[in-house]
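Work through the following exercises with the sequence and the coordinates open beside you. Each task is followed by a solution that goes step by step.

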Amino acid sequence: TNLLNGMKGVFKMTNYYKSIYNNIEYNIKMAALDSIIPPELLFALCCNESGKWLAKNEPVPSRPEPHVLNSLKLVQKGEKQNYKGIVMDNLIEKSPDNLLRLASSYGVTQVMGWWTLKFIPFSVDDLNNPNDALRATINILSMSQDKQPIGKESALKYINEFDYESVFRIWNTGKHDCKTYHEDYVKNGFRAVIMWLKYNP
């Protein structure tokens with residue numbers, strides 16, 4: 001019985017990754033075509049961040065981050081100097097709805113809305129489009145350290161070294177050696193990498 005249940009689990013997991021692959025493969029391959037970012041890394045981020053929606057080919061919902069919203073409100077009111085390098089002048093005319101949009105994450109890799117203020121050439125609405133979201137992800141992953149938001153570590157060095165564990169941690173936490181918010185984030189990322197390589201031998 002345990003063996004049978006284990007086989008069912010493997011079969012279910014394989015079908016899960018295959019469904020995600022079928023629904024996002026073309027977008028990833030097109031986005032990565034002229035990029036230094038490996039497609040299997042983009043696939044892993046998609047699986048980790050929005051796999052349950054991509055597997056069903058459903059729109060990926062945005063996710064508000066209350067602590068980010070609170071920080072942006074404090075910056076807007078002048079009670080906090082900056083958030084990730086975003087200052088009062090960047091937020092002074094933003095409505096409560098716009099602040100909430102900036103404090104939410106979007107798209108297949110869940111890029112935070114505040115990145116669009118000054119770090120990447122995309123709008124929040126762009127991030128809901130899989131192709132733009134992947135291009136924004138490549139933009140972020142390719143960014144040198146001097147272009148990073150305050151407190152965010154560049155992933156580029158680790159990508160060049162094929163140190164995907166560090167890249168997963170940076171995407172999830174901002175630092176290569178921080179504990180991820182989900183304990184299986186790195187493990188699941190490597191599972192997705194293996195599945196992509198299996199589908200593209």
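**Exercise 1.** Is Leu33 buried or exposed?

*Solution.* The model is a predicted one, and the classification starts from the computed relative accessible area of Leu33, which is 58%. Exposed residues are those over 50%, so Leu33 is exposed. Next, locate the residue: Leu33 lies in the loop that runs between helix H1 (2–32) and helix H2 (39–54). Finally, look at its surroundings on the surface, where Leu33 joins Tyr26 and Met30 in a nonpolar patch whose accessible area comes to about 360 Å² together.

**Exercise 2.** Determine how many disulfides the structure holds, and then classify Cys47 and Cys178 by accessibility.

*Solution.* A disulfide requires two cysteine sulfur atoms within 2.5 Å, and the structure holds zero of them. For Cys47, the nearest cysteine sulfur belongs to Cys46 and is 6.9 Å away, so Cys47 is in no disulfide. Turning to accessibility, Cys47 has a relative accessible area of 7% and is therefore buried, whereas Cys178, at 30%, counts as partly exposed.

**Exercise 3.** Identify which members of the largest nonpolar core touch the most other members, and list the contacts of Phe168.

*Solution.* This core has 59 residues, of which Phe43, Trp115, Leu141 and Phe168 touch the most other members. Its largest share, eight residues, is contributed by H2. When residues up to four places away in sequence are not counted, Phe168 touches Leu41, Ala44 and Leu45, and also Tyr185, Val186, Gly189, Phe190 and Val193.

Definitions and conventions: Residues are numbered from 1 along each chain as its sequence is written. This is a predicted model: local features need pLDDT of at least 70, side-chain atom pairs count only at pLDDT 80 or more; totals for chains, interfaces and linings use all residues. Side-chain values use heavy atoms; hydrogens and water are left out. Patches are made of residues with over 30% relative accessible area and no salt bridge: like charges are joined within 9 Å, nonpolar side chains (Val, Leu, Ile, Met, Phe, Trp, Tyr) within 5 Å. Accessible areas come from the Shrake-Rupley method with a 1.4 Å probe; for residues, only the protein chains shown count as cover. A salt bridge is a side-chain nitrogen of Lys or Arg within 4 Å of a carboxyl oxygen of Asp or Glu. Helices (H or I, at least four residues) and strands (E, at least two) are DSSP runs, numbered from the N terminus. Buried means under 20% relative accessible area, exposed over 50%, partly exposed in between (1.4 Å probe, protein chains only). A nonpolar core is a set of buried Ala, Val, Leu, Ile, Met, Phe, Trp, Tyr and Cys residues joined through side-chain atoms within 4.5 Å. Contact means heavy atoms within 4.5 Å.
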